[in-house]
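Trainee: I have this one open for the first time. Could you walk me through it?

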Amino acid sequence: MSLSTASCTTTTRRDPFTCVANDVIHMKFVRRREDIDDESTTFHPEYTHQIVSEDQQIRGYSDLKVLLYYTPSASTCYFAVSFRERTSDAVDIWNLIRQIMPETARLAGSVDEFLAAVEQEQMGGKFKPPGHQVHEYTFARNSTPLTTSDSSHQLPPPSPTKIPSPSDETFAVHFSSIADDPKAVAYHSIIQPFVLWFIDNSSFIKTEEPGWRLFTIFKKTEGLKVGEYSYQIIGFSTGYMFYHPWGKARLRVSQFMIFPPFQRSGHATQLLRAIYNVVRADPTIVDVTVEDASDELTRVRDLLDLHDLQESGFWPVLQQAPKLTREAYATLRERLKLCWIQAKRCHTILRLKYAKEQHDESVSRQLRLYYKTVLYWTLKQQHTKGSSQQTSRRSQQNTEATTGENLKLQLHQMWLEVEREFNELLEIVQSKM
């Protein structure tokens with residue numbers, strides 16, 4: 001086998017001793033020996049400014065290559081750094097990366113030791129997920145879900161769910177209360193560093209606080225040992241239980257990620273579905289919110305909520321109601337645990353559908369004016385936080401919209417984009433009905 005240290009085309013044009021961190025860091029989940037040399041299994045971090053340097057460059061090395069290879073469960077890591085030359089003032093890239101790993105991280109000392117750990121996991125029984133299983137689903141092997149061009153927005157299958165065939169792949173979501181489960185604390189410390197690599201402006205959570213919950217997705221495969229299973233980590237999410245003024249609790253989704261090799265396959269929808277299942281089955285939880293949701297997660301959430309509203313028979317009532325009354329919202333909250341802001345958003349989407357079908361310009365105008373107000377205050381809040389923190393696609397485009405003569409034009413352009421997105425969401429949901 002080969003662990004190539006060939007020259008990378010990632011040094012800056014001016015300085016051969018400066019590399020782009022996102023390019024020279026190579027990650028992969030290794031499920032079999034052949035994966036080591038298979039470049040198609042390699043992925044790279046999206047963000048390194050919180051770990052390496054603000055400008056995401058590594059200085060002091062020529063032909064630098066950093067390897068972060070993981071067993072299927074991510075329990076064991078092969079961490080290696082290679083380079084041709086190093087300057088005397090080179091940054092200590094090993095320690096920069098090692099410090100975000102838990103002290104108890106299991107680091108393989110050689111490729112052979114790492115591959116032995118891979119084989120042990122594939123036998124089955126070596127690793128068991130923390131917590132208990134709360135959701136299971138299947139995808140046809142090597143198939144693309146029937147979705148739009150962005151297949152990460154898969155909707156749940158119609159009921160009843162089809163009987164799995166031997167060729168299907170099985171996935172399981174596990175749930176645990178982190179503070180009450182030492183195994184969950186240990187495992188979360190292993191996978192948590194990935195949020196720094198792939199979620200901008202992310203941070204570690206304090207697992208000693210009692211309110212944290214952990215959801216993990218694994219691909220579940222029969223191991224080589226009879227009766228045992230091997231597990232491939234697919235993604236995870238954490239949520240925090242807050243006290244609610246009504247004497248109950250609110251779950252706020254915090255970290256949420258699907259690992260790059262498994263994105264755009266419907267797993268985000270299934271992970272959010274599992275969170276909803278847990279929340280809706282718990283009478284002490286009044287609703288669920290999402291902290292700083294990305295554009296992608298917002299879309300997945302919208303699709304799933306619209307689907308559930310349709311399945312629950314709420315569409316006709318909501319799309320004909322001029323306003324979302326507190327009484328109507330109380331029913332939605334009790335049945336689906338939607339927070340007020342998300343319920344209002346879904347109501348707006350359905351009212352847009354009604355206006356379009358009825359050719360009612362007065363309703364369209366009301367929606368347009370209402371949502372422009374929402375967009376305006378959103379921009380004001382983003383501007384207050386500071387442009388340096390505005391990293392989402394929409395906030396970057398609209399940072400300057402809070403001042404100047406072009407405010408009205410920019411709000412109109414933003415509304416047109418929102419209207420397009422809402423219409424697309426409706427088309428996707430209706431196509432699955």
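Mentor: Let us begin with a single residue, keeping in mind that this is a predicted model. The side chain of N22 makes a polar contact with the side chain of T48, at 2.7 Å, and the side chain of N22 also reaches the backbone oxygen of E46, at 2.8 Å.

Trainee: Where does N22 lie, and is it buried or exposed?

Mentor: N22 lies in helix α1, which covers residues 21-24. N22 counts as buried because its relative accessibility is 12%, and the cut-off for buried is under 20%.

Trainee: And what does N22 touch, leaving out residues up to four places away in sequence?

Mentor: Not counting those neighbours, N22 touches H44, P45, E46, Y47, T48 and Q56. Some of these names return with I25, which is in contact with F43, H44, P45, T48, V66, L68, I97 and W197 once its own neighbours within four places in sequence are left aside.

Trainee: OK, zooming out a bit, how many residues are in the largest nonpolar core?

Mentor: The largest nonpolar core has 73 residues, and those with the most contacts inside it are I25, F29, L68, I97, W197 and F259. Helix α6, residues 267-281, gives the most to this core, with eight residues. There is also a second, separate core of 32 residues, which includes I349, M414, V418 and F422.

Trainee: What do nonpolar side chains tend to do in general?

Mentor: In soluble globular proteins, nonpolar side chains tend to be buried together. As for the protein chain here, buried residues make up 51% of its 433 residues.

Trainee: New topic: which residues are buried in helix α9?

Mentor: In α9, which runs over residues 326-336, the buried residues are Y329, L332, R333 and L336. They lie on the same side of α9 because they cover an arc of only 100° around the axis. The face turned away from that buried side carries the exposed residues E327 and E334.

Trainee: What do the buried residues of α9 pack against?

Mentor: They pack against α6, β14 (285-290), α7 (295-311), α8 (315-320) and α10 (340-358). Helix α6 is also the one that gives the most to the largest nonpolar core. When you trace onward, you will find that α9 is followed by K337, whose phi is positive, near 60°.

Trainee: How many aromatic pairs are there in the whole structure?

Mentor: A search of the whole structure finds 29 aromatic pairs. One of them is formed by F127 and Y231, which is edge-to-face, with 6.3 Å from centre to centre and 70° between the planes. This pair links distant parts of the chain, 104 residues apart, since F127 is in the loop between α3 (111-123) and β9 (132-140) while Y231 is in strand β12, residues 229-243. Both F127 and Y231 are buried.

Trainee: Which residues form an aromatic cluster?

Mentor: One aromatic cluster is formed by F29, F43, Y70, F194, F198, F236, F259 and F262. You may recognise F29 and F259 from the residues with the most contacts inside the largest core.

Trainee: And which residues lie over the face of a ring?

Mentor: K220 lies over the face of Y229, at 4.8 Å from the ring centre, and R326 lies over the face of W340, at 4.1 Å from the ring centre.

Trainee: Last one: how many helices and strands does the protein chain have?

Mentor: The protein chain has 13 helices and 14 strands. Among its contacts between residues at least 6 apart in sequence, 70% join residues at least 24 apart.

Definitions and conventions: Residues numbered from 1 in each chain as written. Predicted model: local features only at pLDDT ≥ 70, side-chain atom pairs only at ≥ 80, totals over all residues. Heavy atoms only, no water. Core = buried A, V, L, I, M, F, W, Y, C linked by side-chain atoms within 4.5 Å. Buried < 20%, exposed > 50% of the residue type's maximum accessible area, 1.4 Å probe, protein only. Helix = DSSP H or I, 4+ residues; strand = E, 2+ residues; numbered from the N terminus. Contact = heavy atoms within 4.5 Å. Polar contact = N/O pair within 3.5 Å; in protein donor to acceptor, adjacent residues only side chain to side chain. Arc of directions from axis to C-beta. Phe/Tyr/Trp six-rings, centres within 6.5 Å; stacked < 30°, edge-to-face > 60°. Lys NZ or Arg CZ within 6 Å of the ring centre and 35° of its normal.
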